[in-house]
Amino acid sequence: MKAQIQDSAGGGPTDFDEGFRARLRDLLVWRRDVRRFRHDPLPSGTLERLIRLACLAPSVGLSQPWRFVIVDDPAHRAAIRDVDYANAVKIAWQSRRFWEADEHIYGGISWTTGPTTQVWYPSDRLFSAKGILLGAYAIGGQADELASRPLPEQFDTSRAAIEGLHPGRSRELEKPMAVAWSKMPYSLGFAARFRNGQESEYSLLNTPDGPFYFAGEHLSRIGPWQEGAILSARRAANMIDKHRRVTDATNANP
Ligand SMILES: Cc1cc2nc3c(=O)[nH]c(=O)nc-3n(C[C@H](O)[C@H](O)[C@H](O)COP(=O)(O)OP(=O)(O)OC[C@H]3O[C@@H](n4cnc5c(N)ncnc54)[C@H](O)[C@@H]3O)c2cc1C
């Protein structure tokens with residue numbers, strides 16, 4: 001029996017013939033991860049056609065739980081593109097909790113020299129057999145430097161920094177793990193960094209583009225903290241509310 005599908009234009013049935021199957025297989029094998037995009041405008045109608053095709057993606061009960069947002073204003077688009085993101089690197093170890101058992105350290109941070117920057121002691125499950133010690137939390141240039149090294153070297157650097165603080169204990173460190181935000185797929189970094197001279201871009205992105213309002217830690221002066229993200233979200237919600245009240249009043253008293 002031959003499986004058949006309707007073609008997307010709603011025309012006649014399409015055979016899953018050999019040529020079609022080969023092309024479909026190539027497409028699946030291809031799995032191309034596109035990271036660089038052209039900036040020239042699409043021909044008129046192309047975006048709408050692509051969105052119509054994207055809407056054919058399976059969704060339970062045809063619920064289509066997505067929304068496409070087209071940021072049109074060139075100034076907003078340029079400002080979004082221009083935001084830099086800072087890198088961060090964390091390295092964690094599992095270990096016997098020597099810092100508590102032997103040295104009476106219960107949570108907190110020790111600062112180190114070198115790119116690993118700090119050692120962060122866990123403040124949960126005190127006195128349990130083992131814990132997770134944060135052996136590096138580097139941000140910005142130091143994170144870039146650390147992330148540029150091969151993983152074994154990153155672990156050696158972190159181990160040496162911990163050994164400097166706690167002589168003889170680094171041999172108890174096990175199962176290291178490192179995360180560099182710059183290496184996470186689809187992540188530009190751990191937090192936005194507006195440069196000096198970008199005030200007008202920051203202000204612009206805090207104004208809506210038509211019906212679209214922007215919010216997030218990147219639009220807060222508080223930097224990479226949840227507080228900044230929440231305040232930014234509240235600001236956007238207040239702007240939407242204000243807009244609605246003005247529109248309602250205008251409609252009531254035309
Ligand atoms: C390593 C690290 C440590 C931190 N430590 C602290 C701390 O100790 N205390 C503190 O207060 N803050 C801390 N922060 C900062 C805090 O996590 C952020 O400021 C906050 O989470 C930002 O919230 P947000 O809503 O702006 O963005 P996010 O929390 O990043 O939320 C954005 C969401 O949008 C989703 N998304 C992105 N693109 C799309 C798309 N195209 N379609 C659909 N969804 C999409 C993402 O998956 C994500 O869930 C830390 C951050 C990092 C990275």
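The domain assignment of the protein chain gives two parts, domain 1 (85-183) and domain 2 (194-252), and the C-alpha centres of domain 1 and domain 2 lie 37 Å apart. The model is a predicted one, and what follows treats the nonpolar core, the ligand shell, the helix α8 and a few residues in loops.

**The nonpolar core**

The largest nonpolar core has 18 residues, and those with the most contacts inside it are Ala88, Val89, Ala136, Ala138, Ala143, Leu146 and Ala147. At least two residues of this core come from each of β4 (88-96), β7 (130-139), α5 (141-147) and α6 (151-165), with β4 giving the most, namely five residues. For one of the residues with the most contacts inside the core, Ala147, the partners beyond four places in sequence are Asn87, Val89, Ala180, Ser182 and Lys183.

**The ligand shell**

Around the ligand stand Ala88, Phe190, Gly216, Glu217, Pro224, Trp225, Gln226, Glu227 and Ala229, a shell that divides into five nonpolar, two polar and two charged residues. Helix α8 (residues 226-252) gives the most to this shell, with three residues. Ala88 has a place both among the residues with the most contacts inside the largest nonpolar core and among the residues around the ligand.

**Helix α8 and Ala229**

The end C-alpha atoms of α8 are 39 Å apart, which agrees with the 39 Å that its 27 residues should span at 1.5 Å a residue. Of those 27 residues the number buried is one, so α8 lies largely in the open.

Ala229, a residue of helix α8 that also belongs to the ligand shell, counts as partly exposed because it has 17 C-beta neighbours inside 10 Å, a count between the limit of 12 or fewer for exposed residues and that of 20 or more for buried ones. When neighbours within four places in sequence are left aside, Ala229 is in contact with Gly216, Glu217 and Ser220. Of these partners, Glu217 lies twelve residues from Ala229 along the chain, and the C-alpha atoms of the two are separated by 3.9 Å. Gly216 and Glu217 are themselves among the residues around the ligand.

**Residues in loops**

Two residues other than glycine call for attention on account of their backbone angles: the phi of His104 is positive, near 55°, and that of Arg125 is positive as well, at about 45°. His104 has its place in the loop between α4 (98-101) and β5 (108-111), while Arg125 lies in the loop between β6 (118-121) and β7. A further loop residue, Leu188, is found between β8 (174-180) and β9 (191-193). The table gives the neighbour count and the resulting class for each of these residues.

| Residue | C-beta neighbours inside 10 Å | Class |
|---|---|---|
| His104 | 7 neighbours | exposed |
| Arg125 | 11 neighbours | exposed |
| Leu188 | 15 neighbours | partly exposed |

The limit for an exposed residue is 12 or fewer C-beta neighbours, so His104 with 7 and Arg125 with 11 both count as exposed, whereas Leu188, with 15, counts as partly exposed. As for its separation from another part of the chain, Leu188 is 18 residues from Asn206 in sequence and 20 Å from Asn206 in space, taken from C-alpha to C-alpha.

Definitions and conventions:
Residues numbered from 1 in each chain as written. Predicted model: local features only at pLDDT ≥ 70, side-chain atom pairs only at ≥ 80, totals over all residues. Core = buried A, V, L, I, M, F, W, Y, C linked by C-beta atoms within 7 Å. Helix = DSSP H or I, 4+ residues; strand = E, 2+ residues; numbered from the N terminus. Contact = placed C-beta atoms within 7 Å. Near = placed C-beta within 6 Å. Nonpolar A, V, L, I, M, F, W, Y, C, P; charged D, E, K, R; others polar. Domains from an automatic or database assignment. Expected span 1.5 Å × (residues − 1).
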